[in-house]
Amino acid sequence: MSSNNNPKKDNNSSKSKSQGNSTEQEPLSPEASAKITKRMSNRERVRAFLSLFKREDHVLINIVADPDAMASALAIKRLLARRVDEIVIAHVNEIKRVNNLAMINLLKIPLNRFRTFKRDKFTKFVLIDSQPSHNPELARFQYDAVIDHHPITDGWDAPFVDIRNDYGATASMITEYLRAANIKPSVALSTALFYAIKTDTQNFAKKATAQDVFCFQYLFKRINQNLLRRIETADVRKSELKYFKAAFDAIKISKNRIYAHLGKVGNPDILVVVADFFTHVHDIGWVIISGIYSEKLVVIFRCDGYRKDAGKLAQRLFGDVGSAGGHRQSARAEVPLKNLPPHLLKNFCTRTLQRLIKKHLA
Ligand SMILES: [Mn+2]
């Protein structure tokens, strides 16, 4: 990986000495750096992290924007506030999920699109909730600090590396930083971090540590429940309401199963929202919703998971012609239209979907 993309640092020969875990000649592997940080206390970690920065620094925090990355970046911004000249958060991905847009609006998270500004004015680079190897855009920087909870990857280095793979969310790690630095997070920041831990651990249904639980409890006292609820429930755009109409127009119900084909959709997420909505109907065993998005047939499966397996059904139906899989209760298939027989495609409607699936559901 090239490191010469980094804007030249003038008369800064003391660089990378701060943490003491990288020698001048040979940078440590991410794994070796992370090991050193792992042995530190939270206080020592914060001290090592903060020692990277000087008053006159302009800091760029890079993220792939999801709730965890956004909350963690916001917390790092708070941690560095008044310690450096400027802090900018930049995201490489397009933010499409409505909940994430609601989070940005309601909690006023200052984000910038990656390409829209000059990077030569920045003197320090921080990567949060991601690693350089995750994304070619992110890899174009030589980072001063990388803080993340994904499995450690190789092929990059940074003076400060804090990667704790066992954590459910980076937000928990940064909450510990804030506490170690004696910073009480604001309501907005607490709500962001709380929501981040909730989403990344899927309400603690996914891997998490006791530390995630501690942070969750600590933040709980400081959040605004109304803001949280508005972020969590906002998952439909006004412009997407028409897909509900399409669903009600197309719906077929037989044998405790709901089927609907919505035709072309602007964003496949709406299929998930519609499918989840129909799971609220009493006495329904299966919900199967399909639509066409960017030359693919996308099918969303929902079932009660009791003696049923949505993941297996999706696999059996579409595994050979596209990507398909999921869990017992929820699954998804994406089939390139060119892989479907033309006669099927011609007038694809709810009946077609129903016929396809009936064969496989006894
Ligand atoms: Mn995360």
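Student: In this predicted model, what is the bridge partner of Gly-325 in S12?

Tutor: The partner of Gly-325 is Arg-332. Gly-325 belongs to strand S11, residues 323–326.

Student: What makes S11 and S12 a pair of strands?

Tutor: Pairing requires at least two bridges between the strands. S11 and S12 are joined by four bridges, so they satisfy the criterion. Their sense is antiparallel, and with three residues between them they form a hairpin.

Student: How do you know that S10 and S12 are paired?

Tutor: The same cut-off of at least two bridges applies. Strand S10 (residues 296–303) and strand S12 (residues 330–336) share seven bridges, and therefore they count as paired. The two run antiparallel, and Val-299 stands opposite Ala-333.

Student: Why are S3 and S6 called edge strands of the open sheet?

Tutor: The six strands of that sheet follow the order S3-S2-S1-S4-S5-S6, with parallel pairing. Strand S3 (112–113) and strand S6 (160–163) each have a single partner strand, so one side of each lacks a neighbour in the sheet.

Student: What makes S2 the partner of S3?

Tutor: Two bridges join strand S2, residues 86–91, to S3. Because at least two are required, this number meets the cut-off. The strands run parallel, and His-91 has Arg-113 in S3 as its bridge partner.

Student: What share of the residues in the protein chain is buried?

Tutor: Of the 362 residues, 38% are buried; a residue is called so because 20 or more other C-beta atoms lie within 10 Å of its own.

Conventions. Residues are numbered from 1 along each chain as its sequence is written. This is a predicted model: local features need pLDDT of at least 70, side-chain atom pairs count only at pLDDT 80 or more; totals for chains, interfaces and linings use all residues. A residue is buried if 20 or more other C-beta atoms lie within 10 Å of its own, exposed if 12 or fewer, and partly exposed in between; C-beta atoms are placed from the backbone.
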